[in-house]
Amino acid sequence: MDVNPATNPSARDGRVPPVHAAAGWETALDGTVADTAPAVPPEAGERAGIDIGRLGRLLGDPGLAWLVDRVRQRMARGRPLTGSVTLSDPDASQRRSVERLLGRAPRAGGSLGVRLDTVDAVLRRSGVSPDGLAAAVVALTGPVPLRAETREREERAWAEAYVPLDTLGAGLAPWAERVRGDGLIRRLARTPEAAGPLVQAVVRALRALPASPPISRATFAARNLSGAHALDEGTPLATLVLSGIRSLTGFPDGSGAQWLREAWASAGLLKDDLSSTVLTLNLRGTPPLDWMADAGEPAVLTLRSLTRRAPVAAVPVTGTVYICENPAVLSAAADTLGPACPPLVCLQGQPSAAALTLLRDLSTRGADLLYHGDFDWGGVRIAAALAGNAPWRPWRYEAVHYRAAVAAVAEAPDLTGPPAATPWDPALAVALVERGVRVEEEAVLDDLLADLGPGSR
């Protein structure tokens with residue numbers, strides 16, 4: 001067999017001769033014989049008139065994998081297969097592979113450049129791929145979808161995965177729109193195929209919230225989702241459901257184990273029914289509460305006592321229940337007024353599930369709830385979160401009271417954190433920004449106690 005260009009007429013006149021090498025080997029344009037490379041599916045090449053065996057051994061050489069990959073990338077972007085592609089720091093086998101493909105040694109240097117037009121011409125003239133490089137790559141590696149078409153299909157799949165969000169109520173519509181746009185679902189699910197069932201489960205959970213009466217998170221998950229551990233911390237489902245809960249209840253930003261427990265509890269999902277408590281003074285309705293009220297002593301109610309057997313059998317005689325943020329106010333009221341103090345509930349910061357359960361119950365029974373908190377952004381957010389669960393009226397918690405308190409305090413610390421709205425009195429938020437200082441409840445304690453005293457009612 002003569003494969004030397006010097007003795008082969010068709011090679012001398014520029015035409016590439018047919019290959020007559022033994023099976024498993026390929027003759028390159030320079031007459032050298034190359035080892036067999038991975039084969040390609042026969043039917044793909046047959047349809048394009050491609051010599052499958054030669055193509056697999058020539059362009060399918062492992063040393064040309066980088067070249068084939070670059071061609072596929074260009075095809076996926078819809079770019080023409082012209083110009084050069086370059087490989088930095090090629091190894092010896094990659095240089096040999098290019099030499100076998102083109103029939104000549106590549107230029108020396110630190111990189112390896114190959115003109116795609118030349119490869120296309122080689123494949124056409126040799127008869128390996130009459131339709132050129134693009135057809136050869138498809139036959140060798142499979143169809144190359146255009147990236148624009150792939151992106152369009154993927155976006156349609158994501159849009160379909162989001163459809164269940166449309167069934168959420170108006171209260172969660174802004175949240176649903178936000179998670180569509182901020183990429184949270186995409187980051188957690190990664191693919192639209194995984195996002196579909198995830199979104200369905202999120203919607204199923206949120207439509208069942210808030211839980212009333214509150215129950216353990218595990219019990220809720222077992223009843224409404226795939227199992228008791230479906231809402232375990234760290235899972236994509238738990239992350240999304242908690243995000244929706246915070247939008248539903250207005251629960252503010254925070255971190256830490258306690259914050260997580262209270263955030264879940266704001267929608268009635270509890271770690272247990274004993275760790276959530278609320279501090280009260282002079283509530284009545286059961287023998288133990290009556291006894292504590294007669295003594296004018298504070299009582300701590302657990303969520304268990306509020307959900308297993310409601311302790312407040314009737315609305316207090318006055319019809320009014322005062323709410324404060326800090327225990328110092330309730331303690332001072334017990335010390336100063338004792339049994340004469342009207343019913344008082346202390347949130348101790350963010351309202352616990354027990355506090356929300358108690359206040360919702362009191363409101364349902366007709367009690368008039370009056371709230372006071374710290375004059376700072378944290379206090380404002382607590383008030384807003386409470387308003388989403390039980391209606392209340394401000395108790396010395398408006399702009400006029402803030403300005404009076406600032407004038408009476410010798411030194412007040414600066415406000416910190418991002419501002420928040422005060423829907424019960426928009427002027428309060430404006431005043432907080434203007435003055436820029438915080439006033440804690442303890443600083444206005446005398447005014448609060450005066451309101452609670454017998455002479456003020």
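Here are four short exercises, with worked solutions, on the predicted model shown above.

**Exercise 1: Two nonpolar cores**

Task: Find out how many residues the largest nonpolar core has, and which helix gives the largest share of this core.

Solution:
- Step 1. Start with the count: the largest nonpolar core holds 66 residues.
- Step 2. Look for L344, L359, L369, Y371, Y402 and L452, the residues with the most contacts inside this core.
- Step 3. Turn to the helices: α18 (residues 353–364) supplies 7 residues, the largest share of this core.
- Step 4. Now look elsewhere for a second, separate core of 40 residues, which includes A189, A238, W259 and L269.
- Step 5. Keep the general background in mind: nonpolar side chains tend to be buried together in soluble globular proteins.

**Exercise 2: Positive phi values**

Task: Decide whether D89 is buried or exposed, and do the same for N282.

Solution:
- Step 1. Check the backbone angle of D89: phi is near 50 degrees, which is positive although the residue is not glycine.
- Step 2. Check N282 in the same way: its phi is also positive, near 65 degrees, and N282 is not glycine either.
- Step 3. Recall the usual case: most residues other than glycine have a negative phi.
- Step 4. Place both residues. D89 sits in the loop between β3 (84–88) and α5 (92–102), while N282 belongs to the loop between β7 (277–281) and α15 (287–295).
- Step 5. Apply the cut-offs: buried means under 20% relative accessible area, and exposed means over 50%. D89 has 67%, so D89 is exposed. N282 has 8%, so N282 is buried.

**Exercise 3: A cis peptide bond**

Task: Work out which two residues are joined by a cis peptide bond, and where P210 is found.

Solution:
- Step 1. Read omega: the bond between L209 and P210 has an omega of about 0 degrees, and this bond is cis.
- Step 2. Compare with the general rule that most peptide bonds are trans.
- Step 3. Locate P210 in the loop between α11 (192–207) and β5 (215–216).

**Exercise 4: A charged patch**

Task: Name the residues that gather in a patch of positive charge on the surface, then decide how accessible R77 is.

Solution:
- Step 1. Find the members of the patch: R77, R79, R147 and R151.
- Step 2. Pick R77, which is part of helix α4 (residues 65–77).
- Step 3. Use its relative accessible area of 43%: this value lies between the two cut-offs, so R77 is partly exposed.

Technical notes:
Residues numbered from 1 in each chain as written. Predicted model: local features only at pLDDT ≥ 70, side-chain atom pairs only at ≥ 80, totals over all residues. Heavy atoms only, no water. Patch = residues over 30% accessible without salt bridge, like charges linked within 9 Å, V, L, I, M, F, W, Y side chains within 5 Å. Areas by Shrake-Rupley, 256 points an atom, 1.4 Å probe, with all protein chains shown as cover. Salt bridge = Lys/Arg side-chain N within 4 Å of Asp/Glu carboxyl O. Lys, Arg positive; Asp, Glu negative; His and termini not counted. Charge placed at Lys NZ, Arg CZ, Asp CG, Glu CD. Helix = DSSP H or I, 4+ residues; strand = E, 2+ residues; numbered from the N terminus. Buried < 20%, exposed > 50% of the residue type's maximum accessible area, 1.4 Å probe, protein only. Core = buried A, V, L, I, M, F, W, Y, C linked by side-chain atoms within 4.5 Å.
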